[in-house]
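The following briefing is meant to be read alongside the coordinates, with its points grouped by topic. Please keep the structure open while working through them.

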Amino acid sequence: MSAQLLSGGASCGVGRAAAPSSQRNVVFSRPIFVGTASELGLKPAAAARKQAQRSRGVQTVRCAATSTASPLPWQAAMSEIKKRRDINTIMIIGAGPIVIGQACEFDYSGTQACKSLKKEGYRVILLNSNPATIMTDPGMADRTYVGPMTPELAEQILAKERPDAILPTMGGQTGLNLAKTLAERGILAKYGIELIGAKLPSIDRAEDRELFKQSMTRIGLKCAKSATATTLEEALVIAADIGKYPIIVRPAFTLGGTGGGIAYNIDELKEIVSGGLAASMTTQVLVEQSLLGWKEFELEVMRDLNDNCMIVCSIENVDPMGVHTGDSITVAPSQTLTDKELQRLRDASLAIIREMGVECGGSNVQMAVNPEDGEMVIIEMNPRVSRSSALASKATGFPIAKMAAKLAVGYTLDQIANDITLKTPASFEPSIDYVVTKVPRFAFEKFPGSKAELTTMMKSVGEVMAMGRTWQESLQKALRGMETGLDGWGLPKNYKRLPKDQLMYKLRVPNPDRIVIIFQAMEDGLTDSELFELTKMDPWWLSQMRELFNITSWLKTQKLADIGAEDMTSLKQKGFSDPQIARCTGTTMMEVRAHRKALGVEPSYKRVDTCAAEFEANTPYMYSTYDGSSECEPTNGRKVLILGGGPNRIGQGIEFDYCCCHASFSLRKQGFETIMMNCNPETVSTDYDTSTRLYFEPITVEDVLNVIEAERPEGVIVQFGGQTPLKIAMDLDRALKANPIPAASGNGVVKVWGTSPDSIDIAEDRDRWMALLTKLDIRQPAGGSARSEEEAFAKANALGYPVMIRPSYVLGGRAMEILYSNEDLKRYVTFAVEVDPERPVLIDKYLDRAVELDVDALCDKDGNVVIAGVMEHIEQAGIHSGDSACSLPTQTIPAKVLETIKSWTVSVAKELNVVGLINIQFAVQDDVPYIIEANPRASRTVPFVAKAVGHPIAKYASLLMSGKTLAEIGFTEEPIPPHVAVKEVVLPFNKFPGADTLLGPEMRSTGEVMGIDKDFAAAFAKAQIAAGQKLPKTGKVFLSMADKYKPDIISVARDLGNLGFGLVATGGTATALREAGVPCELVFKIQEGRPNPADLMKNGEISLIMMTSTGDEADLRDGKELRRQALSQGIPTVTTVAGARATTAALRAMRAGPLVQIPLQDFFPNYYDDSLELMLK
């Protein structure tokens, strides 16, 4: 029975519709050479193109690839490369801060572009406000501007640097929109600057919903019935003409579907259209007939200046239309299309890229297919590198952004070598013999009040990618890489089963948990036909899941000892993890591992080669499977394994990937082979040329041990990947000590490098941590841990409210709250977390008037410690450090207090035997310092500190872990910069209707920006503008302060009045101001009458809001309403007194004169990081 079950016929990796194997080979296994325009029977305007080439000053360059003694046939095309020589300086516009819908995939794209153009000898100017990225390191571009990305401040850079061209296609919607504005305002023409990669007409045709629809009609392709609206009234007329709800709303020129949605009735339509018009830079929305239930596909397309076009890959959404593609599980290559259907999509996408006039580079085309009759409808196209481009690049090994940058300066696809094979040109379409699955990760739990439902507006904060020989294998690998409690496809531990009515609702309405809920539905007896009617997922996906469900059911009847080699191999080929098998058989993961190895069932590693094994892969880029033959070819050199951070999430993002990349570059420079292991397709760390070898695998104990056994490195670095590798560090350390593995180099056995896992545990375990502080006589807020509800109530009442409470071992302040009463505590232990001996909560006295500080320090093996940077938070303690603006150096902390804090940092680092990085957070109340917590690992502040002080901090930490000392790397004293750098955060509240915008102890920001200048006020102003705050120069400021903050706001209000702002305040605040001699206008609170602040906001009278929360019922109701209203109208809102002071200083700086953009190279003229040379080789 088991053999029949495990070898069922539904495991074909290419999909239901790929039955004829001959067709499959044609579509997926044979490289296709895409000819020139003339060979394809096209008639481009050759004379016009030659004239354009002459006018651009195209010169012939001899290519190194053609100098071999016996060139390959295709290399003849490379003998004369038409590379542009009239261009010397190119400006790249980055994507700005990480936001939902535009994440670190654009850091990957922009970094590729910087590398590619610098290698070609061009001078590169970079504008990007994001300090957390590799691309804004001073060594990645010739001039690096980390600051606001507004047209006015961008023009300053253009006037100073005088680039010949701008490449706008690498910075997502941000870069495209900024380039469009610069062109339309005549700024590019003023300085004689050309757009390369995408011209303005192409951008307009693709992004303007009406122009795009007209273009599709011209080439005979259908769009859904729709029309564009620029007012709410027009939208209502269009909806009436369509005649049937639901209606889809898609704003123009926005990212990640921002402002869009699905309206099921006229009231929802009015709300969504109003938001969409406000979100669109052209105040335009497309009102569209619903295609809910249709199948959705994407194709990544490339074109060059000779009109050569090729498809990089097809991507299919598992979820039907109605879910944003960024929020859907997606699969490459497409699985459920017939060859004929696929060819129709290919033909359409090639026709579209030509019609839209994308001269060269990559584009993303999205289309829908009706499963009933095969009708095809075009949804949209992006004339730039897209979110899916990073996924397609990692899925195929074809570096779309790098190729697009080369195409933009005159190369053609047949003139660029494929990096991986080195035997084929880039015009060969990638062909893959495996299946790739992307699964998104969400953070609805951080936004109480918002509905955990998925629509056309993207809400995911990260994603995992996995590869397998079948979809089942790659799906299960991706799910266990999510770090959400899953060890594969099934129900997680402590899953709360849904009653039937909720089950049916959650199957019918797309939501983040639907893939798991399907498993419960199968357990409850629903058939595949019933599931199809509820989910509209293609029957092929459901049949694949049904087979996994049947195998799981069978596995639960087996004893581990009875599972033989054949069944174990089949289980692993289906993607079942060791913990999954252990759970089903009532054993442990290590017991399953021992049994599996005794049976001889070991993973094999396959190379991603772009050509389905037709040519040997030159680049070691691997994934695991279980088919017996391994291609990883490990060496006996000195090696180190770096564990990445897994999927992005709030609290753990691009900052940790930045650290992993620096570790790889610096250790490679020192002669080590670096092995990167990660499962995040958005990042630079998973680029195939960042490390010596790349394993695209989930970060779990099982998968990490498998790679360690294959490679046998000298060391494993767990410090740089955030909480992901730290969570498995103790288990990994125990496994390595229980069964030592000799290093391949002969230098001892494999061990964890840097700070020991036990020291990391001391910092995380509250009781051990308190014992350490007692020993060192270091002050901390009174508190402790509770392992039961009774203990929690006793501790809280002994401390006295308010208290800060959180689970142990968390990142990003997950489930951290400030509690003011026993009622709050009862709600917390009932709804927020379960408290038991295995999951204690930490309870501390809340310091409600304190200033918080972050300290980053470096430590070597000899116990030497050097402070890298001390940051002062702008917001008071109690707001998560990741959500607070901060300044380096500090601005208000007395020297004596700083001296104590630095002394404590050294003491803690030495006591923990830290090797590498440590981050410690302090609070200062009434000039008395307290230590809050320590993280003996890389923190999210590392990239910001590195750019603020001009030292590659992550590189230094890597070298220290390899055995170097601080003296040997030349970092022996704290750098004190003569300038000020300010970090500000961006928050995704616009994506989560219903959530309050108040900041608190749980982190909710998705990204950050940096302002850097000679003084604090100007740096803070730059940071605010970069974060999207439209700081006003005139108008009225609304003030409403809790009683304890009323005395503090008086000086701020007086300064605002002196700057010419009108002041409006509610009763208590107005009284306090008038008594202090500050004139202001009185306005009623919402519950008091009219006019109230909401009326003034809607009338356009308020240009800035400064309000703190009282935390009472009225504030949670009326205050929340005002804060949401301000968000929807784009009115800057400050919710802390410290933030109000800093904002007022920024307004004063802006009034004193224009802000000036200054490149990092002017702050650090001697900055040099030799390890970055590896990226430019």
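R806 counts as buried, because its relative accessibility of 11% is under the 20% cut-off for that class. The model is a predicted one, and every value below is computed from it. The salt bridges come first, followed by one sheet and its helix, the nonpolar cores, an aspartate in a loop, and finally some backbone geometry.

**Salt bridges**

- The side chain of R806 meets that of E933 in a salt bridge, with an N to O distance of 3.2 Å.
- This pair links distant parts of the chain, since R806 belongs to strand β27 (residues 803-807) and E933 to strand β34 (residues 928-935), with their positions 127 residues apart.
- Salt bridges that share partners also join R84, D86, E194 and K199 into one network.
- In the whole structure, the search finds 70 salt bridges.
- One of them joins the side chains of K180 and E184 at 2.4 Å from N to O, and both residues lie in helix α6 (residues 172-184), 4 residues apart, which is about one turn of the helix.
- The two partners of that helical pair fall into separate accessibility classes: K180 is buried, with a relative accessible area of 4%, whereas E184 is partly exposed, with a relative accessible area of 47%.
- In the salt bridge between the side chains of R303 and D307, the N to O distance is 2.8 Å; R303 is buried at a relative accessible area of 12%, and D307 is buried at 4%.

**An open sheet and the helix across it**

- An open sheet is formed by 4 strands in the order β26-β29-β27-β28, and their pairing is antiparallel.
- The edge strands, each of which pairs on one side only, are β26 (783-786) and β28 (817-819).
- On average, neighbouring strands of this sheet are turned by 25° against each other when direction is ignored.
- Strand β26 pairs with strand β29 (residues 841-845) in the antiparallel sense over 4 bridges, and within this region A786 stands opposite V841 of β29.
- Helix α27 (residues 766-776) lies across β26, β27 and β29, and runs at about 155° to β26.

**Nonpolar cores**

- The largest nonpolar core holds 158 residues, of which L167, W489, M545, F720 and I953 touch the most other members.
- Helix α19 (residues 539-555) gives the most to this core, contributing 9 residues.
- Apart from this core lies another one of 41 residues, including I874, L1056, L1059 and L1063.
- Which residues does W489 touch, not counting residues up to four places away in sequence? Its contacts are Q476, L479, I515, V516, I518, F519, M522, M545, L548, F549 and Q580.

**D487 in its loop**

- D487 is found in the loop between α15 (471-480) and α16 (500-508), and this loop residue is buried, with a relative accessible area of 17%.
- The side chain of D487 is joined to that of R583 by a polar contact of 2.8 Å.
- Leaving aside residues up to four places away in sequence, D487 touches R480, S577, P579, Q580 and R583.
- Q580 appears among the contacts of D487 and also among those of W489.

**Backbone geometry**

- Most residues other than glycine have a negative phi, and most peptide bonds are trans.
- The peptide bond from Y245 to P246 is cis, with omega near 5°, and P246 lies in the loop between α10 (232-242) and β9 (247-251).
- A cis peptide bond also joins L888 and P889, where omega is about 5°; P889 is found in the loop between β32 (886-888) and α30 (895-911).
- R162, although it is not a glycine, has a positive phi of about 50°, and its place is in the loop between α5 (151-161) and β6 (165-167).
- R712, a residue other than glycine, likewise has a positive phi, near 50°, and is found in the loop between α24 (701-711) and β24 (715-717).
- Is R712 buried or partly exposed? With a relative accessibility of 30%, R712 counts as partly exposed.

Terms used: Residues numbered from 1 in each chain as written. Predicted model: local features only at pLDDT ≥ 70, side-chain atom pairs only at ≥ 80, totals over all residues. Heavy atoms only, no water. Core = buried A, V, L, I, M, F, W, Y, C linked by side-chain atoms within 4.5 Å. Buried < 20%, exposed > 50% of the residue type's maximum accessible area, 1.4 Å probe, protein only. Helix = DSSP H or I, 4+ residues; strand = E, 2+ residues; numbered from the N terminus. Contact = heavy atoms within 4.5 Å. Polar contact = N/O pair within 3.5 Å; in protein donor to acceptor, adjacent residues only side chain to side chain. Salt bridge = Lys/Arg side-chain N within 4 Å of Asp/Glu carboxyl O. Pairing = 2+ DSSP bridges. Axes fitted to C-alpha atoms, helices over the stretch in contact; angles between N-to-C directions.
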